[in-house]
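Please look through the structure shown here and consider how a few of its local labels are justified. The discussion takes the form of questions and answers.

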Amino acid sequence: MKIATIIARSLLGLIFVVFGLNMFLHFIPMPPPPEGLARDFTTALFMSHYLYVVGALQVVGGILLLTGRWVPLGLTLLGPVIVNILCFHVLMAPAGLPMALVVSLLALFLLWRYREHFAGLVKNGGPAFSQLPHQAISPGNATVNS
């Protein structure tokens, strides 16, 4: 399982470093998006320069995955990017859905392998609401000192 984790981590990191750098360096020619909402959405991201933020998150998250150090931080940075990619291809451009699913499955596998680092997000760390001390509030007993 350790070898599968290294392969998934390296593959996902390489995908995000290459495609993240492509946002800045344009070494892979990108086909125009299909007509409709996908084109409008991509144009808005490009015109607002939001794609540079996404590209930077991809590069930094991918490097963290490739180094093998701070993998949970890399997954945390890439999580919203992966969700956006998956939603984009499900809702607007289904032609890229197979690759989006591969990326999502790799990320889910890595989340499962590093689940102990994310346990605090899903475990109840404090007392339950019903266990908190209760104070009786009685109306009419309050006094105001001026």
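**Labels and their reasons**

Q: Where is H49 found in this predicted model?
A: H49 is found in the loop between α2, which spans 37-47, and α3, which spans 50-67.

Q: What makes the phi of H49 worth noting?
A: The phi of H49 is near 65°, which is a positive value in a residue other than glycine. Most residues other than glycine have a negative phi.

Q: Why is H49 called partly exposed?
A: H49 has a relative accessible area of 48%, and because partly exposed covers the range between under 20% for buried and over 50% for exposed, H49 is partly exposed.

Q: How do you know that W70 counts as exposed?
A: The relative accessibility of W70 is 52%, and exposed means over 50%, so W70 counts as exposed. W70 is found in the loop between α3 and α4 (71-91), and its phi, near 60°, is likewise a positive value in a residue other than glycine.

Q: Why is the contact of E35 with R39 called a salt bridge?
A: The closest N and O atoms of E35 and R39 are 3.1 Å apart, and because the rule asks for a side-chain nitrogen of Lys or Arg within 4 Å of a carboxyl oxygen of Asp or Glu, the pair forms a salt bridge. By this rule the count comes to one salt bridge.

Q: What makes E35 exposed and R39 partly exposed?
A: E35 has a relative accessibility of 66%, and exposed means over 50%, so E35 counts as exposed; R39, at 29%, counts as partly exposed, because 29% falls between the cut-offs of 20% and 50%.

Conventions
Residues numbered from 1 in each chain as written. Predicted model: local features only at pLDDT ≥ 70, side-chain atom pairs only at ≥ 80, totals over all residues. Heavy atoms only, no water. Helix = DSSP H or I, 4+ residues; strand = E, 2+ residues; numbered from the N terminus. Buried < 20%, exposed > 50% of the residue type's maximum accessible area, 1.4 Å probe, protein only.
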